[in-house]
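Trainee: Please take me through one part of this model in detail. I would like to look at how a pair of helices packs, and then at what lies around that contact.

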Amino acid sequence: DIFRAASAQPANTVRAVPGTGRMGGATVGAAGHGSIPDLGEPMTKRPMTIALTGGIGSGKSTVSALFAALGISVIDADEISRRVAAPGGAAYPAMVALLGADAVAADGSIRRDYARKLAFQDEGLRRRLEEIVHPIVRREITKAIGVIDRPYCIVSIPLLVETGGERNFDRILVVDVTEDEQLSRTARRDGIGAADVRNIML
């Protein structure tokens with residue numbers, strides 16, 4: 001099942017954490033042992049929402065793909081964030097105004113590496129960026145959940161507890177790896193040094 005498949009990934013640990021939402025004592029578990037409904041029948045009520053979270057490089061994308069392969073709706077907060085920050089996106093004008101012309105690439109897109117560097121150097125700037133982007137992403141997630149007609153969905157969201165977002169979900173699923181694995185995976189994936197990865201992890 002999905003949890004055996006996820007836990008079979010090298011160095012990945014998937015843990016179900018009780019949420020604070022409306023499902024009471026329900027737990028997320030293997031097929032036949034948890035309380036997640038069967039996917040067979042569409043539903044008209046709001047689906048059960050499971051937040052999939054974990055640190056950078058922990059394997060959230062891998063676990064999301066496993067759920068998606070089983071036909072489960074997956075909403076990715078990172079994808080939404082990139083979309084709203086792209087030219088024409090809802091967050092784009094305010095981000096450009098805050099970051100300045102140097103943050104805009106020749107094609108009009110925001111230079112993510114440049115913006116990340118500025119945010120690392122200036123805590124106030126980072127918070128202002130979050131104040132621009134996070135409310136828009138939350139609204140887009142809510143809209144996406146609203147059109148799902150299945151019993152439950154997965155919302156992949158990296159900054160969950162840090163932003164108080166855990167209150168908005170029925171259950172929380174945490175993907176965890178060692179810090180060394182986070183460093184090596186992220187450095188290899190993003191082409192950045194270990195020091196930069198540590199800054200992101202702080």
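Mentor: Start with the term for handedness. A crossing is called right-handed if the near helix is turned clockwise from the far one by less than a right angle, and left-handed if the turn is anticlockwise. Keep in mind that this is a predicted model.

Now the pair. The crossing of H3 and H6 is right-handed. Their axes lie 10 Å apart, and the packing angle is about 120 degrees. Roughly perpendicular ends at 115 degrees and roughly antiparallel begins over 145, so H3 counts as oblique to H6.

Next, the residues that meet. H3 brings Ala 77, Ile 80, Ser 81, Arg 83 and Val 84. From H6 come Val 133, Ile 136, Val 137, Glu 140 and Ile 141. By type, the contact holds seven nonpolar residues, two charged and one polar.

Follow Ile 141 inward. The largest nonpolar core has 31 residues, and Ile 141 is one of the four that touch the most other members. The others are Ile 75, Met 95 and Leu 99. Both helices of our pair give two or more residues to this core, as do H4, H5, E4 and E5. H6 is the top contributor, with eight residues.

Take Leu 99 as an example of a core residue. Beyond four places in sequence, Leu 99 touches Ile 110, Ala 115, Leu 118, Leu 125 and Leu 129. Another core, of 10 residues, lies apart from the largest one. Its members include Ile 72, Tyr 152, Ile 154 and Val 175.

Go back to Ala 77 in H3. Ser 156 touches this residue, and also Ile 75 and Asp 76. Ser 156 has further contacts with Leu 52, Lys 60 and Ser 64, again leaving out residues up to four places away. Ser 156 sits in strand E4. Is Ser 156 buried or exposed? Its relative accessible area is 5%, so Ser 156 is buried.

Last, look past E4. Phe 169 lies in the loop between E4 and E5. Phe 169 counts as buried because its relative accessibility is 5%, and the cut-off for buried is under 20%. In sequence, Phe 169 and Met 48 are 121 residues apart. In space, their C-alpha atoms are 7.9 Å apart.

To recap the pair: H3 and H6 cross right-handed, with the angle at about 120 degrees. Ile 141 takes part in that contact and belongs to the largest nonpolar core.

Note on methods:
Residues numbered from 1 in each chain as written. Predicted model: local features only at pLDDT ≥ 70, side-chain atom pairs only at ≥ 80, totals over all residues. Heavy atoms only, no water. Core = buried A, V, L, I, M, F, W, Y, C linked by side-chain atoms within 4.5 Å. Buried < 20%, exposed > 50% of the residue type's maximum accessible area, 1.4 Å probe, protein only. Helix = DSSP H or I, 4+ residues; strand = E, 2+ residues; numbered from the N terminus. Contact = heavy atoms within 4.5 Å. Axes fitted to C-alpha atoms, helices over the stretch in contact; angles between N-to-C directions. Parallel < 35°, antiparallel > 145°, perpendicular 65-115°, else oblique. Nonpolar A, V, L, I, M, F, W, Y, C, P; charged D, E, K, R; others polar.
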